[in-house]
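Trainee: I'm new to this one and would like a close look at a single part of it. Could you pick it apart with me, and then show me where that part sits in the whole?

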Amino acid sequence: TASRETLDHSIPYIFTVALQDGSWHHVDSYSPERAGRADTVALWHSVTTVEDPEWTRRYHSLDVSEKAFGGRVVITLSTGETITDEIAVADAHPLGARPFGRAEYVNKFRTLAADVLEADEIERFLDLAQRLPELSAHDIGQLTIVARPGLLAAAPMPKGLF
């Protein structure tokens, strides 16, 4: 029953859902129905995290060639057999196995924006952003986005700061 924000900061939850589903979705993986599945909760409660001083050191390193955001996973099967793997940086990271290029970043933006921006607004923003070096001061002021009509009015408003 945790909030999306809490789930987003739970490595055990994220790992469990990705393991069960074979993928991760920026909206669907956080739905209350997905988070509350009995098999997910049971597996989630069996996942533990342990700090590894070497990964912490690499995370804080100022040397770009060793800086890492990864970790290691050890899965113990019911037979007692273990499966171990690790990754230092995401595949899409500049030092990863398949670094993102412009096309992948544009696609990621379109995917994440699709539910909140109109298609014309997505293209307008991308057109400006991809011409950044040649933009005038006025054009740079247009590097904003306008939410899909009615989206913000439908969002629950907080009653105070917290």
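Let's zoom in on Arg72: by relative accessibility, does Arg72 count as buried, partly exposed or exposed?

Mentor: Arg72 counts as partly exposed, because its relative accessibility is 46%. The cut-offs are simple: buried means under 20% relative accessible area, exposed means over 50%, and partly exposed is what falls in between (1.4 Å probe, protein chains only). Before we go on, keep in mind that this is a predicted model, where local features need pLDDT of at least 70 and side-chain atom pairs count only at pLDDT 80 or more, while totals for chains, interfaces and linings use all residues. Residues are numbered from 1 along each chain as its sequence is written, and side-chain values use heavy atoms, with hydrogens and water left out.

Now for what Arg72 does with its side chain. Arg72 and Asp52 meet there in a salt bridge, at 3.1 Å from N to O. Arg72 belongs to strand β1 (residues 71–76), while Asp52 sits in the loop between α4 (38–44) and α5 (53–60), so the pair ties together parts that are 20 residues apart in sequence. Two terms need pinning down. A salt bridge is a side-chain nitrogen of Lys or Arg within 4 Å of a carboxyl oxygen of Asp or Glu. Helices (H or I, at least four residues) and strands (E, at least two) are DSSP runs, numbered from the N terminus. As for the partner, Asp52 is also partly exposed, since its relative accessible area is 22%.

Arg72 has another neighbour worth a look, on strand β2 (residues 82–87): Asp85. Leaving out residues up to four places away in sequence, Asp85 touches Gly71, Arg72 and Val73, where a contact means heavy atoms within 4.5 Å. Asp85 counts as exposed, because its relative accessibility is 51%. By contrast, Leu117 is far from Asp85: their C-alpha atoms are 38 Å apart, with their places 32 residues apart in sequence.

How does the Arg72 pair fit with the other salt bridges? The structure holds 12 of them. Asp21, Arg34, Arg37 and Asp39 are linked in a network. Further along the chain, Asp127 forms a salt bridge with Arg131, with the closest N and O atoms 3.1 Å apart. Arg131 also pairs with Glu134, at 3.8 Å from N to O. Asp127 is partly exposed at 41% relative accessible area, and Arg131 is partly exposed at 27%. Glu134 counts as exposed, with 59% relative accessibility.

For a contrast with Arg72, try Thr40 in helix α4. Thr40 is buried, with a relative accessible area of 0%. Apart from residues up to four places away in sequence, Thr40 touches Tyr13, Thr16, Val17, Gln20, Arg34 and Ala35. Arg34, as you just saw, is also part of the salt-bridge network.

Let's zoom out. The chain has 9 helices and 2 strands, and from the N terminus the order is α-α-α-α-α-β-β-α-α-α-α. It is divided into domain 1 (1–49), domain 2 (50–99) and domain 3 (102–148); those bounds come from an automatic or database domain assignment. The centres of domain 1 and domain 3, taken over C-alpha atoms, are 31 Å apart.

What about the overall shape? The C-alpha atoms fill a box of roughly 60 × 40 × 30 Å along the principal axes. The radius of gyration is 20 Å, whereas a compact globule of 162 residues would have one near 15 Å. That radius is taken over C-alpha atoms, and the globule rule is 2.2 Å times the number of residues to the power 0.38. Buried residues make up 16% of the 162 residues. Among contacts between residues at least 6 apart in sequence, 30% join residues at least 24 apart.

One last thing comes from a record: an unreviewed UniProt entry carries the annotation "domain: MmgE/PrpD C-terminal" for residues 2–132. UniProt positions are given in the numbering used here, feature names are shortened, and annotations may be inferred rather than shown by experiment. In the model, that span is 44% helix and 9% strand, and its end C-alpha atoms lie 40 Å apart.
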